[in-house]
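Trainee: I would like to go through this model one point at a time. Please give the cut-offs as we go.

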Amino acid sequence: MKLAEIKKLKVAELRSRLKELGLDNKGLKAELLGRLWSALETQQCGSNGSPTPTSPEESTDRHDPSSCPPGGAAASAVAEQREPDNSREYADSATQTEGDSGPPSRRGPESGWGSECGPGNRAQGWGAGRPVSSEEMGRGRAFYEFKEEMRYKRAKSPQPPVEREVMEEEDEVKLDAYHSHLHFEGGPDGACGQPRFWARFPSLWSGCRLTHGVLQGKVGFEVRLERKLLPTQLEEQEDMDPCGLRVGWSTANTSLLLGEDELSFAYDGRGKKVSGGKEEAFGELLSEGDIVGCYASFSTDGAVELSFHKNGRLMGEAFSLEASVLLCRPLVPHVLCKSCSVRVLLDPKAAPWYPGPPGFTPLAALSGRQRVRTTLPPTCKAQCEVLLMVGLPGSGKSHWARSHMKQHPEERYKLLGTEELLACMISGGRRDSELQQASQCLAELIKIAAQTPSNYILDQCNILFSARRYKLQLFTGFRRRAVVVFPSANEWRRRLSLHRMSDGEQIPETALLKLQVSCSLPEQCGDLLEELQYVELPQNQAQTLLEENRDEARRLLPPVPKQDKKSRLQKKRAHPLGPPPSHRIQWTGRHGWNDTRHNRQQPTYEQGGYYRDVGYSGNEGYW
């Protein structure tokens, strides 16, 4: 069934078909459409000979029997349903940059929960199918961000978002969407998850913490590597490890990249332990179906020992922390995955997949007084703020944003920027290719952020009025503030030079001149902005300097070659078989229509078609 046919179905018909497929049939029509289309697309991919998704039972059965959890495959089987995600609708062409002409084609939803539609998923990725040309090498972040912003010129105003109140149960232990990357997609039961863009952005690591941590006792939790999400063909083509998993503990104020901060402790699936960005050999490699047990043992003086198990076997004590290290800060369970799906055992009544060490209690089975709840998320957009950074490349936007986040840790800002996405690759490939994909992925994350109550900082150039207007309209309901970083000319050149030296990126001079010509500064507007802040030059001086820079840039830019204007007749499309005969035969007096001076012949029919052999005279015209 085609997508156009599905759209014609009524709500009752959609619900009936979803019920036949064993899927959830509740929700709005847009959600039902997305759910049904995703299910049918997955079935079609499987019937065409593409790799069929492996169920949890099958992946466990194929594994060594010794690694199976007690109770057999039935105990570990989990029925998974895909949560509808309206943010994956690609109705708006503004956030897609593949190609420079016309809006991109509408794509179906991302294959969910480990389903795969073959290698085509990767090939059709954001920039993954087209290698970066030699001309684009070294252009850097600003080039790709500006290319992305140009798409907003053709964009229609976004539809007003639907306000949905978020209700959180304080005592329920689950994966915490508020303490996760926006590109981490949690399951409907709050116990499973995977990277949101695994097919189109496979090198991106996505992390998430649980809602509760611990400060005392002997506590543990179990995580299962459900399946790898890249087909075997792509695994062989990848230079780096195509899939990855880290599980462990961290404090609530550390990075979501588990193992990259000092108070972040991970068991890496490559047979390593990681903390503070330092890796050491530890344990064994992880594969599909393996279960990792993470255990924390607190002593009475506040010291803690962290150990890990694989399929019930002790891998050893990985970390030993003194009481002065944690300073009474709770440790929170944490997962970080790349191109794989994971599941955490969070049912307090369920038996453990493997027996834990003696004296340890599963986190989900602890009483409310023995657990520590992390920060509760805001319940509505009115409680949230979005900061829109505005400025030329190298002006200091990222530096200001990071400083502001350190000065206001209680606000828990999420920084949405290209560099943040690049950091989530940990060990990536070519920077130019990654920048191209990251700038495109960021546009999709901004849409998701507009539907997720939290505090955000949009760290992009945002120098085009159309791009600013579109993004601010997306965040209707938030408190919107534009922060303009516009230093003096000499200071900007100095910062730009330092930026080039540190990152090794050389922005072409012509591209910088075009950016200055296109740049516009925001003004106070009640419909789009609640607050406007200039943190360098005041608004009047910044506007004056901008106009001077714009005039100078126009003078230095090479002239655009003008196309030769053609007459209206020359622009007409040529006839494929030569000039057509005239149907404007003028009356020539006494001879009338029989005047042979027109030299007109009848069409000659051959093989179902005809050829016009026309003799031209000055009186004959065009069709």
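Trainee: Which residue in β21 is the bridge partner of Leu387?

Mentor: This is a predicted model, in which local features need pLDDT of at least 70, side-chain atom pairs count only at pLDDT 80 or more, and totals for chains, interfaces and linings use all residues. Residues are numbered from 1 along each chain as its sequence is written, and side-chain values use heavy atoms, leaving out hydrogens and water. Strands (E, at least two residues) and helices (H or I, at least four) are DSSP runs numbered from the N terminus, two strands pair if DSSP finds at least two bridges between them, and β18 (residues 385–390) pairs with β21 (residues 479–484) in the parallel sense over six bridges. In β21, the partner of Leu387 is Arg481.

Trainee: What angle does the direction of helix α13 make with that of β18?

Mentor: Helix α13 (residues 465–474) packs on the sheet and touches β18, β20 (456–459) and β21, contact meaning heavy atoms within 4.5 Å. Axes are lines fitted to C-alpha atoms, for helices over the stretch in contact, and angles run from 0 to 180 degrees between N-to-C directions. The angle with β18 is about 175 degrees.

Trainee: Which strands stand at the edges of the open sheet of five strands?

Mentor: The order is β19-β20-β18-β21-β22, with parallel pairing. Each edge strand has a single partner, so one side of each is left without a neighbour in the sheet. They are β19 (414–417) and β22 (531–534).

Trainee: By how many degrees on average does the seven-stranded sheet twist from one strand to the next?

Mentor: Its strands form an open sheet in the order β1-β4-β14-β7-β8-β9-β10, paired antiparallel. β1 (175–180) and β10 (278–285) stand at the edges with a single partner strand each, so each has one side without a neighbour in the sheet. The average twist between successive strands is 30 degrees.

Trainee: Which residue in β9 does Asp268 stand opposite?

Mentor: Strand β8 (residues 264–268) pairs with strand β9 (residues 270–275) in the antiparallel sense, over four bridges. Opposite Asp268 in β9 stands Lys272.

Trainee: Which helix gives the most residues to the largest nonpolar core?

Mentor: A nonpolar core is a set of buried Ala, Val, Leu, Ile, Met, Phe, Trp, Tyr and Cys residues joined through side-chain atoms within 4.5 Å; buried means under 20% relative accessible area, exposed over 50%, and partly exposed in between (1.4 Å probe, protein chains only). Of the 58 residues in the largest core, Leu416, Tyr456, Phe475, Phe486 and Leu521 touch the most other members. With nine residues, the top contributor is α12 (residues 431–450).

Trainee: Within what arc do the buried residues of α10 fall?

Mentor: In α10 (residues 397–407), Lys397, Ser398, Trp400, Ala401 and His404 are buried. Seen down the axis, with the arc taken from the directions from the helix axis to the C-beta atoms, these residues line one face of the helix because they fall within 160 degrees.

Trainee: How many residues apart in sequence are the parts tied together by the Glu284 and Arg313 pair?

Mentor: Glu284 and Arg313 form a salt bridge with closest N and O atoms 3.0 Å apart, the criterion being a side-chain nitrogen of Lys or Arg within 4 Å of a carboxyl oxygen of Asp or Glu. Glu284 lies in β10 and Arg313 in β13 (residues 313–321), so the pair ties together parts whose separation in sequence is 29 residues.
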